[in-house]
Amino acid sequence: MDIMTALFDEEEVSRRYQLRLRKEQTESIAKKLLAKGQMSIEDIADCTGLSVSEVEKLADLELV
């Protein structure tokens with residue numbers, strides 16, 4: 001049982017790491033698109049899969 005629990009925990013940690021890495025990459029792309037200033041927030045959200053509010057938060061960070 002301990003081995004199964006350890007394997008599950010390891011898989012869960014790996015899965016969460018991959019999700020976080022993917023999210024960071026997506027946010028990086030969104031920031032680059034925002035910096036170019038050629039796309040609306042809604043279009044960036046649509047293309048990246050982020051929500052409009054997430055892109056708006058990134059836009060606010062870019063302005064600071």
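This is a guided tour of a predicted model, stop by stop.

**Whole chain**

Start with everything shown as a cartoon. You will see three helices and zero strands. From the N terminus on, the order is α-α-α. Helix H1 covers residues 2-36, H2 covers 41-48 and H3 covers 52-63.

Turn the C-alpha trace onto its principal axes. The spans are about 55 × 25 × 15 Å. The radius of gyration is 17 Å, whereas a compact globule of 64 residues would have one near 11 Å.

Now colour by pLDDT. The mean for the protein is 91. Of the residues, 94% reach 70 or more. Helix H2 has the highest confidence, with a mean of 97. Helix H3 has the lowest, with a mean of 89.

Colour by accessibility next. Buried residues account for 17% of the 64 in the protein. For contacts, take those with a separation of 6 or more: 28% of them join residues 24 or more positions apart.

**Phe8 and Asp46**

Select Phe8, in helix H1. Is Phe8 buried or exposed? Phe8 counts as exposed because its relative accessibility is 52%, and the cut-off for exposed is over 50%.

Add Asp46 and draw a C-alpha to C-alpha distance. The two residues are 34 Å apart in space and 38 residues apart in sequence.

**The nonpolar core**

In soluble globular proteins, nonpolar side chains tend to be buried together. Which residues make up the largest nonpolar core here? Select Ala30, Leu34, Ile44, Ala45, Leu50, Val55, Leu58 and Ala59, eight residues in all. Helices H1, H2 and H3 each give two or more residues to this core. H3 has the largest share, with three.

Centre on Ile44, one of the core residues. Show its contacts, skipping residues up to four places away in sequence. Ile44 then touches Ala30, Leu33, Leu34, Met39 and Val55.

**Thr48**

Stay in helix H2 and move to Thr48. Thr48 counts as buried because its relative accessible area is 18%, and buried means under 20%.

Where do the polar contacts of its side chain go? One polar side-chain atom of Thr48 lies 2.8 Å from the backbone oxygen of Ile44. The Thr48 side chain also reaches the backbone nitrogen of Leu50, at 3.3 Å. Both partners, Ile44 and Leu50, belong to the core you have just displayed.

Widen the selection to contacts beyond four places in sequence. Thr48 is in contact with Thr26, Ile29, Ala30 and Leu33. Ala30 is also on the contact list of Ile44, and so is Leu33.

**Salt bridges**

Side chains of opposite charge can pair when their charged atoms come close. Now display the charged side chains. How many salt bridges does a search of the whole structure find? The count is four.

Go to Lys23 and Glu54. Their closest N and O atoms are 2.3 Å apart. This pair links distant parts of the chain: Lys23 sits in helix H1 and Glu54 in helix H3, 31 residues apart. Lys23 is partly exposed, at 32% relative accessibility. Glu54 is partly exposed too, at 26%.

Keep the salt bridges on and look for shared partners. Glu12, Arg15 and Arg16 are joined into one network. Within it, zoom in on Arg16 and Glu12. Their closest N and O atoms are 2.8 Å apart. Both residues lie in helix H1, four residues apart, about one turn of the helix. Compare their surroundings. Arg16 counts as exposed, at 54% relative accessibility. Glu12 counts as buried, at 19%.

Last stop: Arg20 and Glu24. Their side chains meet in a salt bridge, 3.5 Å from N to O. Why are they separated by about one helical turn? Because Glu24 and Arg20 are four residues apart in helix H1. Both are partly exposed: Arg20 has a relative accessible area of 47%, and Glu24 is at 40%.

Key:
Residues are numbered from 1 along each chain as its sequence is written. This is a predicted model: local features need pLDDT of at least 70, side-chain atom pairs count only at pLDDT 80 or more; totals for chains, interfaces and linings use all residues. Side-chain values use heavy atoms; hydrogens and water are left out. pLDDT is the predictor's confidence in each residue, from 0 to 100. Buried means under 20% relative accessible area, exposed over 50%, partly exposed in between (1.4 Å probe, protein chains only). A polar contact is a pair of N or O atoms within 3.5 Å; within protein, one must be able to donate a hydrogen and the other to accept it, and residues adjacent in sequence count only if both atoms are side-chain atoms. Contact means heavy atoms within 4.5 Å. A nonpolar core is a set of buried Ala, Val, Leu, Ile, Met, Phe, Trp, Tyr and Cys residues joined through side-chain atoms within 4.5 Å. The radius of gyration is taken over C-alpha atoms; the globule rule is 2.2 Å times the number of residues to the power 0.38.
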